[in-house]
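Reader: I am new to reading protein models. Please pick one part and take me through it closely, then show me what lies around it.

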Amino acid sequence: MAEGALDAEGVARLVDVLIDAEALRFGDLITKSGRPTPYFVNFGQVRTGPQLAALAACYADGVARIFGDGVDVLFGPAYKGIPLAVATSLALERRGISVGFAFDRKEAKDHGEGGTIVGMQPSAGDRVVILEDVTTAGTSLDASIPLLRATAGVEVVGVLVGVDRLEHAAEPTETALDGVGRRYGVRVAALATIEDVAERLIGRTIDADDVARIRAHLERYGVRTA
């Protein structure tokens, strides 16, 4: 099961960032995977220096807590993962922890330096942690992990996402994030789950009806134990 990467205080700080950035929307929406949803978490709304610095501090806390010093490179899948990898690398550097960062192009470049990976070029034996924003179906991770493993034999040691929506993908008995961990044999963790976030939004930006809709959504798309 995906690990919680932040303590209660850390989750509260993450929620404050999401509220400040207006990154949480509620209504009749559709996710990238095509599912109807009563809410949407858009990390693309984190668009100022202070907001990104606060978010990166949360990711840095998560990386340090879950992976310790067992990281050489932070990888951010294009596009929303790019600022996460860059800013988290800076946040860790301020704590005396030096890690590289890299991200992918949507299309390989056939001129200049060429290739698909931008930033620190991972080499054999490098330990890579992938930073994601939100996990619904795990689609981008299914692209990123094979890409990295095909690049100089790097070791993908784990995935850290901002918010785990706790929804299943192909297997209704496991979340999409847990499915990624099982398929690829990597450690998976989240700064917070949608349940963590909703609990701290009550009375601030959502009411009991919004919470009821989120719970009904999880009844339909969340993990089924039987």
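Author:

**Helix α5 and its surroundings**

Seven of the nine residues of helix α5, which spans residues 176-184, are buried, so the helix is largely enclosed by the rest of the structure. Keep in mind that this is a predicted model.

Start with the names. The buried residues of α5 are Ala 176, Leu 177, Asp 178, Gly 179, Val 180, Gly 181 and Tyr 184. A residue counts as buried under 20% relative accessible area. An α-helix has 3.6 residues a turn, so residues three or four places apart point the same way.

What do the buried residues of α5 pack against? They pack against two strands that come before α5 in numbering order, β7 (127-135) and β8 (155-164), along with helix α4 (139-149) and strand β9 (187-193). Right after α5 comes Gly 185. Its phi is positive, near 65 degrees.

Take β7 next. Eight of the nine residues of β7 are buried, so this strand, too, is largely enclosed by the rest of the structure. Strand β7 pairs with β8 through eight bridges, and the two run parallel. One pair to find is Glu 132 with its bridge partner Val 161 in β8. Strand β4 (residues 73-76) also runs parallel to β7, joined by three bridges. There, Val 73 stands opposite Val 128 of β7. Trace the path from β7 through α4 to β8, and you have a right-handed β-α-β unit.

Now follow the loop between β8 and α5. Leu 166 sits in that loop. Its phi is near 65 degrees, a positive value in a residue other than glycine. Most residues other than glycine have a negative phi, and most peptide bonds are trans. Leu 166 has a relative accessibility of 14%, so it counts as buried. Arg 165 lies over the face of Tyr 39, at 4.1 Å from the ring centre.

Move on to β9. Thr 193 belongs to this strand. Is Thr 193 buried or exposed? With a relative accessible area of 19%, Thr 193 is buried, because the cut-off is under 20%. Leaving out residues up to four places away in sequence, Thr 193 touches Val 163, Asp 164 and Leu 166. So the loop residue you just met turns up again as a contact of Thr 193.

Next, the nonpolar cores. The largest has 48 residues, and Phe 43, Leu 74 and Leu 160 touch the most other members. Helix α2 (residues 49-67) gives the largest share of this core, eight residues. Another core lies apart from it, with 20 residues, among them Ala 2, Tyr 184, Val 186 and Ala 190. Tyr 184 is one of the buried residues of α5.

Look more closely at Phe 43. Beyond its neighbours within four places in sequence, its contacts include Leu 18, Leu 55, Tyr 59 and Leu 84. Asp 133, Val 134, Gly 162 and Val 163 are also among them.

Two more residues are worth finding. Leu 14 is in helix α1 (residues 8-20), and it is buried, with a relative accessible area of 0%. Setting aside residues up to four places away in sequence, Leu 14 touches Leu 6, Leu 55, Cys 58, Gly 162, Leu 191 and Ala 192. Gly 62 is in helix α2. Gly 62 also counts as buried, at 0% relative accessibility. Its contacts outside four places in sequence are Ala 5, Leu 6, Phe 67, Leu 160 and Leu 191. How far apart are the C-alpha atoms of Gly 62 and Leu 14? They are separated by 11 Å, though the residues are 48 apart along the chain.

Finish with the other turns. Strands β2 (residues 24-30) and β3 (residues 36-41) run antiparallel, joined by five bridges. Leu 29 stands opposite Thr 37 in β3. The hairpin has five residues between its strands, and Gly 34 there takes a positive phi near 95 degrees. Glu 22 lies in the loop between α1 and β2. It has a positive phi of about 55 degrees although it is not a glycine. At 55% relative accessibility, Glu 22 counts as exposed. Last, a cis peptide bond joins Ala 78 and Tyr 79, with omega about 5 degrees. Tyr 79 lies in the loop between β4 and α3 (81-93).

How values were computed: Residues are numbered from 1 along each chain as its sequence is written. This is a predicted model: local features need pLDDT of at least 70, side-chain atom pairs count only at pLDDT 80 or more; totals for chains, interfaces and linings use all residues. Side-chain values use heavy atoms; hydrogens and water are left out. A charge sits over a ring if NZ of Lys or CZ of Arg is within 6 Å of the ring centre and within 35 degrees of the ring normal. Buried means under 20% relative accessible area, exposed over 50%, partly exposed in between (1.4 Å probe, protein chains only). Helices (H or I, at least four residues) and strands (E, at least two) are DSSP runs, numbered from the N terminus. Contact means heavy atoms within 4.5 Å. A nonpolar core is a set of buried Ala, Val, Leu, Ile, Met, Phe, Trp, Tyr and Cys residues joined through side-chain atoms within 4.5 Å. Two strands pair if DSSP finds at least two bridges between them. A crossover is right-handed if, with the strands pointing away from the viewer, the path from the first strand over the helix to the second runs clockwise.
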